[in-house]
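Reader: Please present the model for discussion, and then take my questions in turn.

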Amino acid sequence: MRARGALGGAALVAAAAWVALSCAPSGFADPSTIDTVRILASSASEPYAKPGDTVTVQVLAYDGRPSKPAPMAVFWLPFECVNPEDDAYYACFEQLTGGDAGAPVGDGGAGAAALGAIRPGVDLMPFLPTGPSYQFKMPSDVITQHTMVPG
């Protein structure tokens, strides 16, 4: 009887070790390792800007590439998306294809109109603002021009 208990205990320890080892995170990269270009944070000078306010948005980017053939650069698409259809942020992306989900505004609006729809193979770098921050002016009629969204 005692041998059976010892054998059962050994089997229990072996099973527990097998379960513990099968859940070990071997093969996964350390989540704190950054080996690419990453945007770590973003902020706005006025997260709840009033009509007519000038807003500065900033990003904190890090270049963790092991080989850097060219220095990292931050580029901004020079348009803002104000009052997109159904207040859906993804409706802003229609501007990139030539749609009109929110008219371009601020100083960047003219740049967006000049760029037109973004097409594959077109080098936009000469036209895009660069740097860790971008500034735009909130339209003075942003509230009065907002259409009500049901619900």
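**Fold, charges and core**

Author: Buried residues account for 21% of the 151 residues in the protein chain, where buried means under 20% relative accessible area, exposed over 50% and partly exposed in between (1.4 Å probe, protein chains only). This is a predicted model, in which local features need pLDDT of at least 70 and side-chain atom pairs count only at pLDDT 80 or more, while totals for chains, interfaces and linings use all residues. Residues are numbered from 1 along each chain as its sequence is written, and side-chain values use heavy atoms, with hydrogens and water left out.

Reader: What pattern does the protein chain follow when read along the sequence?

Author: The protein chain has two helices and three strands. These are DSSP runs numbered from the N terminus (helices H or I, at least four residues; strands E, at least two). Read along the sequence, the pattern is α-β-β-α-β.

Reader: In what order do the three strands form the open sheet?

Author: Strands count as paired if DSSP finds at least two bridges between them. Seven bridges join β1 to β2 (residues 54–63), and five join β2 to β3. The pairing is antiparallel, and the order of the open sheet is β1-β2-β3.

Reader: Which strands stand at the edges, and what is the average twist from one strand to the next?

Author: β1 (37–44) and β3 (133–137) each have a single partner strand, so one side of each is left without a neighbour in the sheet; these are the edge strands. For the twist, axes are lines fitted to C-alpha atoms, for helices over the stretch in contact, and angles run from 0 to 180 degrees between N-to-C directions. From one strand to the next, the twist averages 20°.

Reader: Which residue in β3 is the bridge partner of Q58?

Author: On the β1 side, V37 has D63 in β2 as its bridge partner, and R38 has Y62 in β2. β2 is also joined to β3, by five bridges. In β3, the bridge partner of Q58 is S133.

Reader: How many salt bridges does the structure hold, and which side chains meet in them?

Author: A salt bridge is a side-chain nitrogen of Lys or Arg within 4 Å of a carboxyl oxygen of Asp or Glu. The side chains of D53 and K50 meet at 3.7 Å, N to O, and those of R65 and D63 at 2.8 Å, N to O. The structure thus holds two salt bridges.

Reader: Is D63, in its salt bridge with R65, buried or exposed?

Author: In the other salt bridge, D53 is buried at 18% relative accessible area, whereas K50 is exposed at 52%. In the bridge between R65 and D63, R65 is partly exposed, with a relative accessible area of 23%. D63 has a relative accessibility of 12% and counts as buried.

Reader: E80 has no salt bridge; which is the nearest side chain of opposite charge?

Author: E80 lies in the loop between β2 and α2 (106–115). The side chain of E80 makes a polar contact of 2.9 Å with that of Y134; such a contact is a pair of N or O atoms within 3.5 Å, and within protein one must be able to donate a hydrogen and the other to accept it, with residues adjacent in sequence counted only if both atoms are side-chain atoms. For charge, Lys and Arg count as positive and Asp and Glu as negative, while His and the chain ends are not counted. E80 is buried, and the nearest side chain of opposite charge, 12 Å away, is K137.

Reader: Which strand gives the most to the largest nonpolar core?

Author: A nonpolar core is a set of buried Ala, Val, Leu, Ile, Met, Phe, Trp, Tyr and Cys residues joined through side-chain atoms within 4.5 Å. The largest has nine residues: V55, V57, V59, W76, V82, Y134, F136, M138 and V142. β2 and β3 each supply at least two of its residues. The strand that gives the most, with three residues, is β2.

Reader: What is the phi of D86, a residue other than glycine?

Author: N83 is in the loop between β2 and α2; this residue is partly exposed at 27% relative accessibility and has a positive phi of about 55° although it is not a glycine. D86 is in the loop between β2 and α2 and is exposed, with a relative accessible area of 53%. The phi of D86 is positive, near 60°.
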